[in-house]
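Visitor: I would like to learn how to read a structure feature by feature, beginning with the strands. Could you take me through this one?

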Amino acid sequence: MDDRKPDDRKPDDRKPDDHLPAEAVALLESLLAADTPAFRALRAQIPHLRVTGGCKCPCPSLDLALADPTAAPAAPVTDTPAAEATVVDADGTPIGGVMVFVTEGRLSYLEVYSWADEPITRLPSPDRLLP
């Protein structure tokens with residue numbers, strides 16, 4: 001049995017039934033904050049999401065799925081990524097980005113990437129995002 005806390009594991013080490021970490025909820029809510037029909041529908045999915053996997057590298061990217069596909073309707077989204085932003089460090093210097101992907105109207109992947117050799121290893125807080 002794995003008794004480590006979910007935040008102590010690498011994303012690829014998460015169990016399929018893990019709940020979405022609070023940091024991921026805050027990040028998704030920030031990225032999907034615009035008051036559009038598509039973003040309202042995507043935000044309605046957030047409480048029903050679970051982590052189904054992640055990247056094999058040290059980044060904190062997450063594969064997502066609805067625990068119950070009938071819990072929230074599919075969003076009218078045709079663009080993917082549906083949302084994206086630049087990630088900055090404590091000094092405000094851009095260091096990477098974050099993107100939200102949608103498959104068939106469902107939130108499916110939260111990608112965090114670095115522009116440097118050093119990967120971003122934690123989900124960035126919303127105050128570290130630039131549009």
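Guide: Let us begin with one pair of residues facing each other across two strands: Arg50 stands opposite Ala65, which belongs to S2. The model is a predicted one, and what follows should be read with that in mind.

Visitor: Which strands pair here, in what sense, and over how many bridges?

Guide: The strands are S1 and S2, which pair in the antiparallel sense over five bridges. As a general idea, the side chains of a regular strand alternate between the two faces of the sheet. The wider picture here is an open sheet of six strands, in the order S1-S2-S5-S4-S3-S6, with antiparallel pairing. S1 and strand S6 (129-130) stand at the edges, and because each has a single partner strand, one side of each is left without a neighbour in the sheet.

Visitor: What packs on the sheet, and in what direction relative to S5?

Guide: Helix H2 packs on the sheet, where it touches S1, S2, S3, S4 and S5, and the direction of H2 makes about 90 degrees with that of S5.

Visitor: Which residues of H2 are buried, and why do they line one face of the helix?

Guide: The general idea is that an α-helix has 3.6 residues a turn, so residues three or four places apart point the same way. In this structure the buried residues of H2 are Ala38, Phe39, Ala41, Leu42 and Gln45. Seen down the axis of H2, these buried residues fall within an arc of 160 degrees, so they line one face of the helix. They pack against H1 as well as S1, S2, S3, S4 and S5.

Visitor: How many bridges join S3 to S4, and what is found in the turn of their hairpin?

Guide: Six bridges join S3 to S4, and the two strands run antiparallel; Glu84, for instance, stands opposite Met99 in S4. The hairpin formed by S3 and S4 has five residues between the strands, and Gly92 in the turn has a positive phi of about 90 degrees. Met99 also has a bridge partner in S5, namely Glu111, and S4 and S5 pair in the antiparallel sense over eight bridges.

Visitor: How should I read the backbone angles, and which residue has a positive phi although it is not a glycine?

Guide: The general expectation is that most residues other than glycine have a negative phi, and that most peptide bonds are trans. Here Glu104 has a positive phi of about 50 degrees although it is not a glycine. Glu104 lies in the loop between S4 and S5, whose hairpin has two residues between the strands, and at 76% relative accessibility Glu104 counts as exposed. As for the peptide bonds, a cis bond joins Thr80 and Pro81, with omega about 10 degrees, and Pro81 is found in the loop between S2 and S3.

Visitor: Which residues have the most contacts inside the largest nonpolar core?

Guide: That core has 31 residues, and those with the most contacts inside it are Leu20, Leu31, Leu42, Val98 and Leu110. Helix H1 (22-31), helix H2 (37-45), strand S1 (49-54), strand S2 (62-66), strand S3 (83-88), strand S4 (94-103) and strand S5 (106-114) each supply at least two residues of the core. Leaving aside its neighbours within four places in sequence, Leu110 is in contact with several residues, among them Ala24, Leu27, Leu31, Leu62, Val98 and Leu123.

Visitor: Why are Cys55 and Cys57 not joined by a bond?

Guide: A disulfide is a covalent bond between the sulfur atoms of two cysteines. The cut-off needed for the reasoning is that the two sulfur atoms lie within 2.5 Å. The sulfur of Cys55 is 3.3 Å from the closest cysteine sulfur, that of Cys57, which is too far for a bond, and the count of disulfides comes to zero. Cys55 is partly exposed, with a relative accessible area of 22%, and Cys57 is likewise partly exposed, at 32%.

Visitor: What pattern does the chain follow along its sequence, and what share of its residues is buried?

Guide: The protein chain follows the pattern α-α-β-β-β-β-β-β, having two helices and six strands. Buried residues make up 39% of its 131 residues. Among contacts between residues at least 6 apart in sequence, 54% join residues at least 24 apart.

How values were computed:
Residues numbered from 1 in each chain as written. Predicted model: local features only at pLDDT ≥ 70, side-chain atom pairs only at ≥ 80, totals over all residues. Heavy atoms only, no water. Core = buried A, V, L, I, M, F, W, Y, C linked by side-chain atoms within 4.5 Å. Buried < 20%, exposed > 50% of the residue type's maximum accessible area, 1.4 Å probe, protein only. Helix = DSSP H or I, 4+ residues; strand = E, 2+ residues; numbered from the N terminus. Contact = heavy atoms within 4.5 Å. Arc of directions from axis to C-beta. Pairing = 2+ DSSP bridges. Axes fitted to C-alpha atoms, helices over the stretch in contact; angles between N-to-C directions.
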